[in-house]
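Reader: I would like to go through this one with you and ask how each label was earned. Could you show me the sequence and the structure before we start?

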Amino acid sequence: MGIFHKIREGLRKTRDAIFGRIDQMLKSFTKIDEELFEELEELLVMGDVGIETSEKICDELRKRVKQRGITDPSMIYGLLSEVITEMLQGGQELHLSTKPSVILVIGVNGVGKTTTIGKMAARFVKEGKRVTLAAADTFRAAAIDQLQIWADRAGADIIKQNEGSDPAAVVFDAISSAKARGSDIVIADTAGRLHNKRHLMAELEKINRIIDRELPDADKEVLLVLDATTGQNAVNQTKEFKTAAGITGIVLTKLDGTAKGGVVLAIREELDVPVKFIGVGEQIDDLQPFEPEEFARALFGADEREEEVPTIDQMAEKPDKPAEEPEPKQPSEMEAIWAEIDAQAAADAAEAAQTQAPEPTEEELAQKKEAERQEKEKRAEARQHRAKSKYNWSTAPAAETPADDDWFEKWKSGSDE
């Protein structure tokens with residue numbers, strides 16, 4: 001199976017649940033109007049794309065529809081693919097030009113960090129690189145043994161110590177070994193953590209200090225592994241880790257088992273963090289480098305339908321309309337005088353209002369901003385309710401565990417170690 005087909009199959013649930021409904025909605029319209037864009041925004045929000053990102057997508061679609069003179073609603077689907085592809089562009093390349101380079105892998109427990117590391121190692125070894133794995137997750141039972149199995153499968157070196165050892169010491173040994181053996185890449189596994197677990201974040205800072213001291217000029221990637229089945233909770237995790245750990249990219253796993261793949265857009269657009277890899281299956285070669293064009297093609301079923309969206313240049317080549325617009329009726333002399341008087345009165349009123357209106361205080365600006373936020377949340381809730389009712393969203397494929405929506409908050413509150 002080719003790379004594109006792997007990605008396409010892995011995104012089937014997301015494609016059917018989100019973009020399949022969008023396709024059905026577009027077919028129900030005979031013209032492009034504001035109601036179409038409102039329904040499209042509702043469906044995007046329901047698909048975990050996020051409120052801000054959904055609004056930005058629809059605003060860009062309005063602009064391009066007007067620029068290109070598009071009137072057929074069915075062409076919106078191809079235009080949407082174009083917009084999403086552009087939004088996902090940039091930053092997806094790994095920066096690993098030094099020898100050795102370092103990849104530090106972080107994330108909460110259960111997202112698939114160790115498995116991701118094994119698959120990354122197999123990919124790099126296949127490319128002809130020598131890889132050293134650092135088994136720095138010394139707290140979780142059997143984590144070291146699990147990484148050893150992946151190292152054997154991938155053909156990578158592994159540096160490990162006994163369970164409970166200092167993780168920073170393991171990373172130090174791995175770097176020393178990589179220098180001696182001439183390894184190209186060091187990949188460090190770390191314990192599952194959240195930003196509010198102070199002792200674990202201090203440990204991560206210590207690991208970073210060791211890397212910076214031993215390899216001051218080396219390229220370093222800090223990759224956050226996220227479980228795609230958690231939807232918008234993945235956005236929350238990214239926001240917290242971006243502040244606390246300085247992540248450089250995302251690895252989004254388990255996309256093949258969820259209909260919440262739209263979260264890729266929210267992470268990329270709202271938080272400006274690039275996606276580096278996506279996991280679309282359980283096999284060793286099912287971790288794929290993130291390619292925006294391939295992702296969008298698979299998401300929109302590009303091999304099933306090809307919508308040609310005209311460019312601005314193509315629209316400019318169209319012949320002019322045969323019928324000329326009628327010349328506007330010239331106002332009479334009296335109408336022109338009254339129009340001038342009205343315009344002057346309006347200008348005077350505007351100037352007076354501007355001079356009399358006091359500058360808003362910081363408190364008033366904050367209140368206005370809060371009111372706008374509350375109004376946006378109300379609109380989003382109303383859209384979700386309408387979309388659930390109209391498109392029977394309850395039939396969408398369920399996530400793997402019933403606790404997907406609240407487990408992250410439990411972690412943040414410290415109720416779940």
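Author: Happily. In this predicted model, the buried residues of helix α11 (residues 263-270) are V263, V264, L265, A266, I267 and R268.

Reader: What makes α11 "mostly covered"?

Author: The count does: 6 of the 8 residues of α11 are buried, and buried stands for a relative accessible area under 20%. After the helix comes D272, with a positive phi near 55 degrees.

Reader: Why are α5 and α11 called oblique to each other?

Author: Their axes cross at roughly 50 degrees. Angles under 35 degrees would count as roughly parallel, and 65 to 115 as roughly perpendicular. The crossing angle of roughly 50 degrees falls in neither range, so α5 and α11 are oblique. Helix α5 spans residues 75-88, and the two axes come within 9 Å. The crossing is left-handed.

Reader: Which residues make the contact between α5 and α11?

Author: On the α5 side they are I84, M87 and L88, and on the α11 side V264, L265, R268 and E269. Contact here stands for heavy atoms within 4.5 Å.

Reader: Let us turn to the strands. How do you know that β4 is largely enclosed by the rest of the structure?

Author: 5 of the 5 residues of β4 are buried, so the strand is largely enclosed. Both faces are covered: I185, I187 and D189 are buried on one side, V186 and A188 on the other.

Reader: And what makes β2 "mostly covered"?

Author: Strand β2 covers residues 131-135, and 5 of its 5 residues are buried. One side holds V131, L133 and A135, the other T132 and A134, and both faces are covered.

Reader: How do you know that β2 pairs with β4, and with β3?

Author: Pairing takes at least two bridges. Between β2 and β4 (residues 185-189) there are 5 bridges, and the strands run parallel. Between β2 and β3 (residues 157-159) there are 3, again parallel. Both counts reach the cut-off, so both pairs qualify. T132 has a bridge partner on each side of this account: V186 in β4 and D157 in β3. From β2 the chain passes through helix α7 (residues 143-154) to β3, in a right-handed β-α-β crossover.

Reader: What makes β1 and β4 a pair?

Author: Strand β1 (residues 101-106) is joined to β4 by 5 bridges in the parallel sense, and at least two are needed. One of the partnerships involves V105, whose bridge partner in β4 is D189.

Reader: Now a lysine. Why is K119 called buried?

Author: Its relative accessible area is 8%, and the cut-off is under 20%, so K119 counts as buried. K119 is found in helix α6 (residues 113-126).

Reader: Which residues is K119 in contact with, leaving aside its neighbours within four places in sequence?

Author: They are W150, G281, E282, Q283, I284 and L287.

Reader: One last residue. Why is E294 called partly exposed?

Author: E294 has 24% relative accessibility. Buried would need under 20% and exposed over 50%, so E294 lies in between and counts as partly exposed. E294 belongs to helix α12 (residues 292-299). Its C-alpha atom is separated by 8.8 Å from that of T85, although the two residues are 209 residues apart along the chain.

Key: Residues are numbered from 1 along each chain as its sequence is written. This is a predicted model: local features need pLDDT of at least 70, side-chain atom pairs count only at pLDDT 80 or more; totals for chains, interfaces and linings use all residues. Side-chain values use heavy atoms; hydrogens and water are left out. Buried means under 20% relative accessible area, exposed over 50%, partly exposed in between (1.4 Å probe, protein chains only). Helices (H or I, at least four residues) and strands (E, at least two) are DSSP runs, numbered from the N terminus. A crossover is right-handed if, with the strands pointing away from the viewer, the path from the first strand over the helix to the second runs clockwise. Axes are lines fitted to C-alpha atoms, for helices over the stretch in contact, and angles run from 0 to 180 degrees between N-to-C directions. Angles under 35 degrees count as roughly parallel, over 145 as roughly antiparallel, 65 to 115 as roughly perpendicular and the rest as oblique. A crossing is left-handed if the near helix is turned anticlockwise from the far one by less than a right angle, and right-handed if clockwise.
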